[in-house]
Every structure is written in C-alpha cells, then in structure tokens.
Amino acid sequence: MWCDGSCAPAVTLFLEFWKRRQARLEYDWDLVDFEEEQQQLQLRPEYESKCTKSKENPITKEMEPYLPVTSKCARSCLSGATVLLWISLIIACIIGVIAYRLAVYAAFASIMKDSPTSHLEVVGPYITPQLATSVTASCINFVIIMILNLMYEKVAVWITDMEIPKTHLEYENRLTMKMFLFQFVNYYSSCFYVAFFKGKFVGYPGKYAYMFGSSLRNEECDPGGCLIELTTQLVIVMTGKQVWGNIQEALLP
C-alpha cells in the first residue's frame, strides 16, 4: 500500500502509542531493564577460559564450564586472608601514628614554649602543642591513607580476578564489597580511635598506662574533650581527599 505525505501524522501517532503500550507491558510483566540484567548475568569470558571442567545445566541441558568447590573455597580463603592482611596493615599504620603522637608531643611542647606565636593575643591560646601534634599526625595519616588506597585498588582487582567470578554482576559485587570494606577501615579507623578510644586507657596518677609497656604514656584528651582533634582529623582527611580527587580529574585522561 502506497502512502503519500498525508498519512505521516498517522504513522507518527501509531509509533508513539506503540511505545507507550510497550512501556506499559514491560512494567506489568516486570521486564524493565531486562536486557541489561541479562547482560549482567551472562558468563564472563574469563570464567569460561579459566574453567577447564564442565557439567550439564539441569535447566537448559547444555554443558557449561564450572569451578570445583575445592578450588572455589581455596580461592575464597586466600582472598579473605589478603583482605585481613591489608586491614591489619592499616591498624599497624594507625599504631605507628599513635606512637608518633606520643613521641613528638614533648618535642612540640619544648619548641613552642618560647615561640613568638604564643604571645599573640588572638590566635596564641589556640596554637598549642596538642594542636600541632594533631595536625601533623593527621597529615601523615592522610598520606598513608592515600598510599594504601592506591595500592589496594590494584590488589582488590587482582584477588577478585583470582576468585574467577561467574557473571559480571557477581564480579562487580565482590569487587565493590572489598573496596567498601577496605576504604571504610582505611578512612575512618583513625577517627574511630580519636572518638571512642583516645583518653580511655590513661590510668591515674601513680599508675599511668603505657603503650605496650614502653616509656610512652597513652594519649590523653584535652580537658574539653577530643572533639577539636576529631574535627581536625575529619577536615584534613575529607578536604585532602576532595583535593586529590580534583587533581586526578584534571590531570589524568
């Protein structure tokens, strides 16, 4: 059937109404984003190439590659041990920063005792050895956080590839879980220490508590509490993270 330009509006209306009908059917049958979900559930090419054994799918009756349970458990255990090792490394770095605080506080106190800034009327009372120790320790902690984060991104991809996830969705979920767990501990463990643990194990006069039996006494909070130090820690970490992200966006392709 030949149609001239007079039937063009009818054809356009038919297409638009069909799109509405199709969208309504997709919603009623719960098929919205069906194609994207199917792509996520497809087997990864890496899974098919690395799995040498195959078995019959009870639904499709087709032979599919599979990973033996023993190999899967071994890979999962190795992956979990690697994550725990890196979390332990974070805790060790935090202990090192705490030791830095204890070691340099007396040094800052002796240096700033006769400092010209101590005689300033406005900012002099706020520039204290405690603040100087907190700021420098927070900066060191931020540098350690960014270095560990850059290193762990590669390690997380490596151990996720080692697990050989079956589908793209499973791969993304495992990688996301590893990155979330590590970054949560990496970014906020020092803040948790300042907020909940610092100043709780000081002891009392005559029987002070020392760090691992050394000559360094455990940290104390200011008389007003650790809120100022916690705020300083959060400001340095969050601002530094944002600045570093902007530098990467501007310089990296």
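This briefing describes the fold, cavities, salt bridges and surface of one protein chain. The structure is a predicted model, and the values below are computed from it. The chain contains seven helices and four strands, and of its 253 residues 28% count as buried. Two cavities of 30 Å³ or more were found, and five salt bridges are present.

**Overall arrangement**

- Read from the N terminus, the elements follow the order α-α-α-β-β-α-α-α-β-β-α, which comprises the seven helices and four strands of the chain.
- Helix H6, which spans residues 168-197, recurs in several of the topics below, among them the lining of the largest cavity and a salt bridge to helix H5.

**The largest cavity**

- The largest cavity encloses about 60 Å³ of space, and the residues lining this cavity are Ile 94, Val 97, Ile 98, Arg 101, Asn 141, Ser 190, Tyr 193, Val 194 and Gln 233.
- Helix H4, covering residues 69-112, and helix H6 each contribute at least two residues to the lining of the largest cavity, and H4 gives the most, with four residues.
- Sorted by class, the lining of the largest cavity consists of five nonpolar, three polar and one charged residues.

**The second largest cavity**

- The second largest cavity has a volume of about 40 Å³, and its lining is made up of Ile 90, Cys 93, Ile 94, Asn 141, Ile 144, Ile 145, Leu 148, Asn 186 and Ser 189.
- Two or more residues of the lining of the second largest cavity come from each of H4, helix H5 (129-163) and H6, with H5 giving the most, at four residues.
- The lining of the second largest cavity divides into six nonpolar and three polar residues, with no charged residues.
- Ile 94 and Asn 141 appear in the lining of the largest cavity and also in that of the second largest cavity.

**Salt bridges**

- Side chains of opposite charge can pair when their charged atoms come close.
- Glu 163, Glu 170, Arg 174 and Lys 178 are linked in a network of salt bridges.
- Within this network, Glu 163 pairs with Lys 178, with the closest N and O atoms 3.1 Å apart; because Glu 163 lies in helix H5 and Lys 178 in helix H6, the pair ties together parts that are 15 residues apart in sequence.
- Both partners of that pair are buried, since Glu 163 has a relative accessibility of 7% and Lys 178 has one of 9%, where the cut-off for buried is under 20%.
- Arg 174 and Glu 170 meet in a salt bridge with an N to O distance of 2.6 Å, and because these two residues are four apart in helix H6, about one helical turn separates them.
- Arg 174 counts as partly exposed at 22% relative accessibility, and Glu 170 likewise counts as partly exposed, at 26%.
- Elsewhere, Glu 16 forms a salt bridge with Lys 19, the closest N and O atoms being 3.7 Å apart; as they are three residues apart in helix H1 (residues 8-28), Glu 16 and Lys 19 are separated by about one helical turn.
- Glu 16 counts as partly exposed, with a relative accessibility of 40%.

**Nonpolar surface patch and other positions in helix H6**

- A nonpolar patch on the surface is formed by Met 177, Phe 180, Leu 181, Phe 184, Phe 192, Phe 196 and Phe 197, which together have about 750 Å² of accessible area.
- Phe 180, one of the patch residues, is placed in helix H6 and counts as exposed because its relative accessibility is 54%, the cut-off for exposed being over 50%.
- Gln 183 is also found in helix H6, but it counts as partly exposed, at 24% relative accessibility.
- Gln 183 and Ile 87 are 96 residues apart in sequence, while their C-alpha atoms are 9.6 Å apart in space.

**An unusual backbone angle**

- Most residues other than glycine have a negative phi.
- Ile 164, although not a glycine, has a positive phi of about 55 degrees.
- Ile 164 is found in the loop between H5 and H6, and it counts as buried because its relative accessible area is 5%.

Methods
Residues numbered from 1 in each chain as written. Predicted model: local features only at pLDDT ≥ 70, side-chain atom pairs only at ≥ 80, totals over all residues. Heavy atoms only, no water. Patch = residues over 30% accessible without salt bridge, like charges linked within 9 Å, V, L, I, M, F, W, Y side chains within 5 Å. Areas by Shrake-Rupley, 256 points an atom, 1.4 Å probe, with all protein chains shown as cover. Salt bridge = Lys/Arg side-chain N within 4 Å of Asp/Glu carboxyl O. Buried < 20%, exposed > 50% of the residue type's maximum accessible area, 1.4 Å probe, protein only. 1 Å grid on protein atoms, 1.4 Å probe; cavity = no way out; pocket = protein on both sides within 12 Å on 5 of 7 lines; lining within 4 Å. Points joined across faces, edges and corners; volume = space filled by probe spheres on them. Nonpolar A, V, L, I, M, F, W, Y, C, P; charged D, E, K, R; others polar.
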